Amino acid sequence: MMALAETVAGAPELYYSIIGIISILTICYIFYPAYKCKKGGLGCTETILAGDKSNGGDNDLLSLIIPAYNEEERLPIMLDETLVYLNKDRESLTHLFDAAVGNNHQRRNKSLIKYEIIVVDDGSSDNTCNVVRKYAATLNSGDTVKLISMHQNVGKGGAVKSGMLASKGQLCLMVDADGATDITDGLPKLLKEMHTLNNKERHDTSLPPKSVVFGSRAHLENESSASRSKVRTFLMHAFHFFVKALCSPRIKDTQCGFKLFTRSAAISLFTNLHLRRWAFDTELVVIAERLQVSVSEVGVIWHEIDGSKLDGGKLSLALVSLGMLRDMLCVRACYFFRIWKMYSK
């Protein structure tokens with residue numbers, strides 16, 4: 001009887017110990033992204049494959065940042081469609097570009113904008129780099145092609161950050177390597193929305209505008225819900241709920257890989273960006289609100305492309321979703337407790 005009494009008496013201490021261990025492990029799990037970004041690891045090699053190697057920044061330059069990880073199959077299709085469109089519609093895109101950045105001057109000799117194509121190879125193990133070199137060798141438009149090779153796989157957020165901070169354009173477009181967003185529809189829409197946003201939000205014309213336009217698939221939500229499994233639909237709605245609760249209710253779709261930044265906004269946001277994996281877009285929204293960067297959202301045509309890195313089954317999708325929730329909690333906690341500092345550029 002005494003032994004039984006001692007066991008019962010010691011039970012609360014065991015429970016408290018278990019709860020304490022679980023709490024410590026949970027805290028470590030939540031703050032793991034902060035530990036990873038503190039370690040550094042964004043080493044890369046930048047190579048200019050085509051174009052003006054002395055270019056130090058151009059007011060008539062549109063930069064396209066394309067993060068790529070094992071994209072030897074999908075990247076050629078995306079580059080084909082993108083480069084054909086950019087060359088064919090260069091004149092109309094020049095007018096939209098000028099309106100977006102507030103260029104009111106008359107262009108000399110009817111000069112048109114140039115493009116800077118930056119492909120960030122995120123430690124691929126396939127022929128992604130050779131695909132980029134092949135396209136650069138055939139380019140004769142005078143545009144710039146850069147290949148940034150990360151020394152190790154750092155995640156999409158880290159790859160986009162490296163590409164953005166290496167870009168020189170007055171406007172910077174983040175675009176996924178799978179070509180899921182129709183650039184012929186999306187780019188004009190984002191440029192027009194950038195023009196509207198800058199005219200509405202810019203109060204001091206002596207300073208360069210800090211603005212971001214998010215391409216959005218929110219208008220396709222009902223259609224995608226009808227074709228997706230119940231698990232995917234549930235995870236999609238859960239993710240949207242936590243984005244609103246933990247980050248911001250202003251943006252309905254943070255994860256569409258099609259976003260347009262002014263040069264000033266790109267420097268401010270990506271200098272402060274910490275997350276390196278899938279949820280980095282949610283931190284961009286948080287940083288934008290804290291630094292009072294103007295943000296807008298516009299619907300774009302989007303199609304699901306085979307070969308997604310998230311097509312690993314229900315368990316894999318659930319784990320990725322849990323990781324993204326963890327990342328959002330980490331962002332919220334790190335800024336709340338001032339573990340991460342905010343620098344205004």
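Biologist: Where is Gln292 found?

Modeller: In this predicted model, Gln292 is found in the loop between α10 (280-290) and β8 (294-299).

Biologist: Why is Gln292 called exposed?

Modeller: Its relative accessibility is 71%, and the word exposed is kept for values over 50%. So Gln292 passes the cut-off and counts as exposed.

Biologist: What is the value of phi at Gln292?

Modeller: Phi of Gln292 is near 55°, a positive value, and Gln292 is a residue other than glycine. Arg338 has a positive phi too, near 60°, again in a residue other than glycine.

Biologist: Where does Arg338 sit, and why is Arg338 called exposed?

Modeller: Arg338 is in the segment after α11. Its relative accessible area is 62%, the cut-off for exposed is over 50%, and therefore Arg338 is exposed.

Biologist: Which residues gather with Arg338 in a patch of positive charge?

Modeller: Arg290, Arg332 and Lys341 join Arg338 in that surface patch.

Biologist: What makes Arg332 partly exposed?

Modeller: Arg332 belongs to helix α11 (residues 314-336). Its relative accessible area is 46%, while buried means under 20% and exposed over 50%. A value of 46% falls in between, so Arg332 is partly exposed.

Biologist: Back to the element ahead of Gln292. What makes α10 largely enclosed by the rest of the structure?

Modeller: Nine of the 11 residues of α10 are buried, so the helix is largely enclosed. Among the buried ones are Phe280, Asp281, Glu283, Leu284 and Ile287. After α10 comes Gln292, with its positive phi.

Biologist: How do you know whether Phe270 is buried or exposed?

Modeller: Phe270 lies in helix α9 (residues 263-272). Its relative accessibility is 0%, and buried means under 20%, so Phe270 counts as buried. Phe270 and Gly157 are 113 residues apart in sequence but 9.4 Å apart in space, C-alpha to C-alpha.

Biologist: How many aromatic pairs does a search of the whole structure find?

Modeller: The search finds five. One of them is Phe241 with Phe242, an edge-to-face pair at 5.3 Å centre to centre with 75° between the planes.

Biologist: Why is the pair of Phe241 and Phe242 called edge-to-face?

Modeller: The ring centres are 5.3 Å apart, and pairing needs centres within 6.5 Å. The planes are at 75° and edge-to-face takes angles over 60 degrees, so both conditions are met. Phe336 and Phe337 also form an edge-to-face pair, with 5.1 Å between centres and 85° between the planes.

Biologist: Which of the words buried, partly exposed and exposed fits Phe241, and which fits Phe242?

Modeller: Phe241 has a relative accessible area of 54%, so it is exposed. Phe242 has 29%, so it counts as partly exposed. In the other pair, Phe336 and Phe337 are both exposed.

Biologist: How many salt bridges does the structure hold?

Modeller: There are 12. Side chains of opposite charge can pair when their charged atoms come close.

Biologist: What makes the contact of Arg74 and Asp178 a salt bridge?

Modeller: Their closest N and O atoms are 3.8 Å apart. The limit is 4 Å, so the pair qualifies. The pair links distant parts of the chain, 104 residues apart: Arg74 is in helix α2 (residues 74-88) and Asp178 is in the loop between β5 (169-175) and α6 (183-201). Arg74 counts as buried, because its relative accessibility is 13%.

Biologist: What is the N to O distance for Arg217 and Asp253?

Modeller: It is 2.8 Å, and the limit is 4 Å, so Arg217 and Asp253 make a salt bridge. That pair also links distant parts of the chain, 36 residues apart, with Arg217 in the loop between β6 (211-216) and α7 (221-227) and Asp253 in the loop between α8 (230-246) and β7 (258-262).

Biologist: Why does Asp253 count as buried, and why does Arg217 count as partly exposed?

Modeller: Asp253 has 5% relative accessibility, and Arg217 has 22%. Buried means under 20%, so Asp253 is buried and Arg217 counts as partly exposed.

Terms used:
Residues numbered from 1 in each chain as written. Predicted model: local features only at pLDDT ≥ 70, side-chain atom pairs only at ≥ 80, totals over all residues. Heavy atoms only, no water. Patch = residues over 30% accessible without salt bridge, like charges linked within 9 Å, V, L, I, M, F, W, Y side chains within 5 Å. Areas by Shrake-Rupley, 256 points an atom, 1.4 Å probe, with all protein chains shown as cover. Salt bridge = Lys/Arg side-chain N within 4 Å of Asp/Glu carboxyl O. Lys, Arg positive; Asp, Glu negative; His and termini not counted. Charge placed at Lys NZ, Arg CZ, Asp CG, Glu CD. Helix = DSSP H or I, 4+ residues; strand = E, 2+ residues; numbered from the N terminus. Buried < 20%, exposed > 50% of the residue type's maximum accessible area, 1.4 Å probe, protein only. Phe/Tyr/Trp six-rings, centres within 6.5 Å; stacked < 30°, edge-to-face > 60°.
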